[in-house]
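Please work through the exercises below with the structure at hand. Each task is followed by a solution in steps.

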Amino acid sequence: MSEAILLIEDSPAQAAVYKAYLEGEGYSVVMAGSGEEGLRALEERAVAAVLLDLQLPGIGGFEVLERLRRRSSRIPVVVVTDYGSAENASEAVRLGAADFVTKPFDRGRLKVTIGNAIRQGQLATMVDKLQEKFSRDRFHRFVGGSAPMQAVYRVIESAAPSRATVFITGESGTGKELCAEAIHRESPRHDGPFIAVNCAALPRDLIESEIFGHVKGAFTGAVRQRDGAASLADGGTLFLDEIGEMDLELQAKLLRFVQTGQFQRVGSGEMIKVDVRIVCATNRDPLEQVRQGRFREDLYYRLHVIPIHLPPLRDRGEDVIDIARQFLAKSADEEGKAFVRFSAEAEQMLRDYAWPGNVRELENVVRNVVVLHDGESVLPAMFPPAVARRTLSNDVGEPFAKTEAKSATSPDEPAVSRAGTEPPVQAMTVLPLWEVERQAIESAIERFGGNVLRAAAALEISPSTIYRKRQAWEQRRDATATTADD
Amino acid sequence: MKNPQADGSDAPVSVEAEKVIDDAVLSQVMRDVGEGQGAAVLLLFAGELERRIEELREAVSRSDVDVLRRVAHGAKGSASTFGAPRVAAAARRLEEACKSAAPAVEIASLAQRLIEHLQPAATEVRSRLSVLEEADHV
């Protein structure tokens with residue numbers, strides 16, 4: 001079967017000439033007299049290449065080219081330019097044209113150019129397919145090559161080029177922020193800012209100001225005007241984590257922002273318009289929240305354009321080993337320890353454990369092991385009791401802090417000495433790492449007058465990490481208080 | 001054959017120096033389109049030349065510079081493809097004048113000039129067409 005070429009040319013005489021040239025070379029030709037007609041034709045049938053005259057009535061050749069590229073189509077486009085318009089030719093190539101021919105051209109020239117463009121398109125398609133098949137064990141900051149993650153990587157890649165809102169669901173610690181970051185990095189906005197806000201970490205009034213900013217005097221303590229995350233994310237991506245925690249009144253404001261791209265600072269009547277792509281995440285079942293009346297249905301459908309579900313760690317097969325090794329290398333390096341591997345038994349324990357706190361729990365467990373122990377191999381007895389007991393935990397999906405508290409307080413619990421190895425070092429003569437971290441973060445926030453976003457930037461971590469940690473410290477404090485009361 | 005004046009960038013006299021139809025270019029097109037296609041494309045080209053005359057007249061009467069520019073651009077493209085150098089050159093001048101927002105009088109006179117070159121070109125193409133058709137009927 002002959003390959004088809006779509007010819008977009010408004011002059012019937014020239015179209016007839018090019019058609020005859022192409023048919024003479026064995027191609028079949030689909031004719032379109034305008035850009036609109038051409039784009040419609042492409043929806044209806046597959047072609048091997050497009051021959052496009054730049055000067056068209058209605059939408060011009062450049063726009064046709066841009067629309068084709070926005071569809072991320074691999075169909076090669078050869079543009080026809082006039083003698084003496086080299087600028088048009090280079091602009092077309094910049095917009096993604098495979099090549100150009102300058103009028104007048106003969107059949108031989110067209111044959112070579114079209115032939116090369118088709119081969120180029122075929123190669124690009126082949127590379128795409130191979131990339132799709134080639135299973136990746138790393139994707140941006142994700143680690144792991146399991147089948148469910150391959151699917152996640154593919155959705156991220158195909159969702160990234162558009163401006164459509166992405167709704168990420170998944171248990172705590174599955175990497176929702178990594179996912180949002182990967183979407184940002186893969187998107188055309190990757191040079192713009194990526195701003196994350198954790199809707200659960202602050203009280204209602206503050207969260208509104210955190211997202212939309214406030215003017216001077218908007219509330220007690222608002223001593224000067226401050227930009228919120230929506231302004232800071234202009235031209236980039238705004239990540240709203242734990243969106244299920246947002247109260248209904250603020251949801252209404254968010255809905256208006258999502259619909260119009262406009263918002264008002266707290267205490268101001270002025271509408272501000274920004275260009276922001278919204279990615280949001282929750283560890284709750286959003287539809288269940290809609291049913292319970294805790295989440296606006298209209299907002300849900302506005303946000304739930306491209307859903308991405310992150311699988312829990314226990315469903316990711318060997319990824320747990322891959323990730324644990326990565327954390328071990330990182331922690332050992334940071335702590336100046338000699339750990340280089342997990343023993344076979346230790347690896348088996350990592351596989352058997354249910355990881356209710358997912359990757360974040362795994363990170364904490366590994367860190368805990370590295371801080372409290374020495375050696376080259378991680379042995380089963382070094383694990384915190386929760387993991388060592390191999391309990392296939394029932395509290396799946398519980399907030400991470402509970403799990404962290406469990407693992408981080410392990411020195412207080414009797415060490416399980418299965419294989420009779422070294423007992424945990426009593427490291428309490430120095431400050432616990434989380435306390436050192438807490439002090440560093442709190443003083444940074446203080447230094448920036450309470451501005452979490454700036455503090456995060458200075459600490460080179462994401463704001464949501466700060467929110468998450470604050471939440472964890474609070475829960476740790478609560479837990480301690482409860483114990484003291486008892 | 002490459003003619004430096006084919007794009008009409010030089011003095012008006014060069015337009016007159018050109019042939020109405022450049023046989024080297026046209027016969028290359030006739031060979032390239034292949035047997036049986038020649039008459040069809042010539043017919044379309046003649047029709048296009050004639051239609052452009054009408055479009056130009058109407059646009060001049062309405063002083064529609066946008067249409068003039070578009071028609072001039074189209075005429076330039078077809079004329080260079082088929083080898084009608086005088087049309088190509090006159091069309092190029094009109095297009096440039098429209099783009100640079102030249103005075104209306106100048107644009108109107110360049111449009112008139114283009115019409116004057118389109119007419120003989122159309123006639124010439126029609127006569128070649130009838131030769132071709134006669135040859136077909138023999």
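The exercises that follow concern chain composition, the contact between the chains, nonpolar cores and selected residues.

The model is predicted, so local features need pLDDT of at least 70 and side-chain atom pairs count only at pLDDT 80 or more, while totals for chains, interfaces and linings use all residues. Residues are numbered from 1 along each chain as its sequence is written, and chains are lettered from A and ligands numbered from 1 in the order in which they are written.

**Exercise 1. Describe the secondary structure and burial of each chain.**

Step 1. Helices (H or I, at least four residues) and strands (E, at least two) are DSSP runs, numbered from the N terminus. Chain A has 20 helices and 16 strands. Chain B has six helices and zero strands, in the sequence order α-α-α-α-α-α.

Step 2. A residue is buried if 20 or more other C-beta atoms lie within 10 Å of its own, exposed if 12 or fewer, and partly exposed in between, with C-beta atoms placed from the backbone. In chain A, 38% of the 486 residues count as buried. In chain B, buried residues make up 42% of 138.

Step 3. Two residues are in contact if their C-beta atoms, placed from the backbone, lie within 7 Å. Among contacts in chain A between residues at least 6 apart in sequence, 70% join residues at least 24 apart. For chain B, 70% of the contacts between residues at least 6 apart likewise join residues at least 24 apart.

**Exercise 2. Determine which elements of chain B touch chain A, and classify the residues.**

Step 1. The contact draws 21 residues from chain B and 18 residues from chain A. On the side of chain B, the elements giving two or more residues are α2 (23–33), α3 (38–62) and α4. The largest contribution comes from α4(B), with eight residues.

Step 2. Ala, Val, Leu, Ile, Met, Phe, Trp, Tyr, Cys and Pro count as nonpolar, Asp, Glu, Lys and Arg as charged, and the others, Gly among them, as polar. The side of chain B that touches chain A thus divides into seven nonpolar, nine polar and five charged residues.

**Exercise 3. Give the packing geometry of α1(A) against α3(B) and α4(B).**

Step 1. Axes are lines fitted to C-alpha atoms, for helices over the stretch in contact, and angles run from 0 to 180 degrees between N-to-C directions. Angles under 35 degrees count as roughly parallel, over 145 as roughly antiparallel, 65 to 115 as roughly perpendicular and the rest as oblique.

Step 2. α1(A) and α3(B) pack at about 160°, with axes 8 Å apart; α1(A) is therefore roughly antiparallel to α3(B). Pro12(A), Ala13(A), Ala16(A), Val17(A) and Ala20(A) meet Ala40(B), Val41(B), Leu44(B), Phe45(B) and Glu48(B). By class, this contact has nine nonpolar, no polar and one charged residues.

Step 3. α1(A) (residues 12–24) and α4(B) (residues 65–82) pack at about 40°, with axes 9 Å apart, and are therefore oblique to each other. Ala13(A), Gln14(A) and Val17(A) meet Gly77(B), Ser78(B) and Thr81(B). These residues divide into two nonpolar, four polar and no charged.

**Exercise 4. Identify the nonpolar cores.**

Step 1. A nonpolar core is a set of buried Ala, Val, Leu, Ile, Met, Phe, Trp, Tyr and Cys residues joined through C-beta atoms within 7 Å.

Step 2. The largest core has 75 residues, and those touching the most other members are Ala49(A), Leu51(A), Leu52(A), Val77(A), Val78(A), Leu94(B) and Leu114(B). A second, separate core of 53 residues includes Ala160(A), Phe194(A), Phe257(A) and Leu303(A).

**Exercise 5. Locate the selected backbone features and assess burial.**

Step 1. A cis peptide bond joins Lys103(A) and Pro104(A), with omega about -10°. Pro104(A) is in the loop between β5 (99–102) and α5 (107–133) of chain A.

Step 2. His140(A), a residue other than glycine, has a positive phi near 50°. His140(A) lies in the loop between β6 (138–139) and β7 (142–143) of chain A and is partly exposed because 15 other C-beta atoms are within 10 Å.

Step 3. Asn358(A), also not a glycine, has a positive phi of about 55°. Asn358(A) is found in helix α15 of chain A and is buried because 28 other C-beta atoms are within 10 Å.
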